[in-house]
Amino acid sequence: MKLRPLHDRVVIRRSEEEKKTAGGIVLPGSAAEKANHGVIVAAGPGKTLENGDVRALAVKVGDKVVFGPYSGSNTVKVDGEDLLVMAENEILAVLED
């Protein structure tokens, strides 16, 4: 199944959760924090402005992004994988190599 977001929405595959602390302590599944970064797997066409023009998104498919801990509350299961759907303005930054 393919998911196509509308307007200024993006679909993000969340990165793996951290299983160890910085000190090397292994965390059980319930104590591990969910990662606040991931990769964009799909993006909508852009935001429709009041005058009818469409402003393209500042991010694209393949970008590694950082988002807030409470961003992307819309989780969708596609082919057994949990994906986040969020508006572009919920993304805080793009990670560049």
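Good morning. I begin with one pair of residues: Ile12 stands opposite Ile40 in strand S2. The structure before you is a predicted model, and this pair offers a way into the sheet.

Ile12 and Ile40 belong to the pairing of S1 with S2, which is antiparallel and extends over 5 bridges. On which other strand does S1 find a partner? Strand S1, residues 9–14, also pairs with strand S7, residues 81–87, again in the antiparallel sense and over 4 bridges. Within that pairing, Val11 of the chain has Val85 in S7 as its bridge partner.

Let us now follow S2 in the other direction. Strand S2 covers residues 37–43, and 3 bridges join it to strand S5, residues 64–67. These two strands run antiparallel. Here His37 is placed opposite Val66 in S5.

With these pairings in mind, we can consider the sheet as a whole. In what order do its strands lie? The order is S6-S7-S1-S2-S5-S8, giving an open sheet of 6 strands with antiparallel pairing. The edges are occupied by strand S6, at 74–78, and strand S8, at 91–95. Each of these has a single partner strand, so one side of each is left without a neighbour in the sheet. From one strand to the next, the twist averages 45 degrees. As a general point, side chains in a regular strand alternate between the two faces of the sheet.

I turn next to the protein overall. How many helices and strands does it contain? There are 0 helices and 8 strands. Along the sequence, the pattern therefore reads β-β-β-β-β-β-β-β. Of the contacts with a separation of 6 or more, 60% are accounted for by residues 24 or more positions apart. The protein has 97 residues, and buried residues make up 29% of them. Its exposed area is about 6,900 Å², and carbon and sulfur atoms supply 52% of that area.

Among the loops, one residue deserves a closer look. Val59 lies in the loop between strand S4, at 54–55, and S5. Is Val59 buried or exposed? Its relative accessibility is 9%, and Val59 therefore counts as buried, since the cut-off for that class is under 20%. Which residues does Val59 touch? Leaving aside residues up to four places away in sequence, Val59 touches Val10, Ile40, Val65, Glu88, Ile91 and Val94. Ile40 will be familiar, as the residue opposite Ile12. One further distance concerns Val59: its C-alpha atom and that of Ala43 are separated by 8.1 Å, with the two residues 16 apart along the chain.

Finally, I draw your attention to two backbone angles. His7 has a phi near 50 degrees, which is a positive value in a residue other than glycine. His7 is placed in the segment before S1. With a relative accessible area of 48%, His7 is partly exposed. Asp79 likewise has a phi near 50 degrees, a positive value in a residue other than glycine. Where is Asp79 found? Asp79 is in the loop between S6 and S7, and its relative accessible area of 62% makes it exposed.

To close, I return to the sheet: 6 strands form it, with S6 and S8 at its edges, and Ile12 of the chain faces Ile40 across the pairing of S1 with S2. Thank you for your attention.

Definitions and conventions:
Residues are numbered from 1 along each chain as its sequence is written. This is a predicted model: local features need pLDDT of at least 70, side-chain atom pairs count only at pLDDT 80 or more; totals for chains, interfaces and linings use all residues. Side-chain values use heavy atoms; hydrogens and water are left out. Two strands pair if DSSP finds at least two bridges between them. Axes are lines fitted to C-alpha atoms, for helices over the stretch in contact, and angles run from 0 to 180 degrees between N-to-C directions. Buried means under 20% relative accessible area, exposed over 50%, partly exposed in between (1.4 Å probe, protein chains only). Contact means heavy atoms within 4.5 Å. Accessible areas come from the Shrake-Rupley method with a 1.4 Å probe; for residues, only the protein chains shown count as cover.
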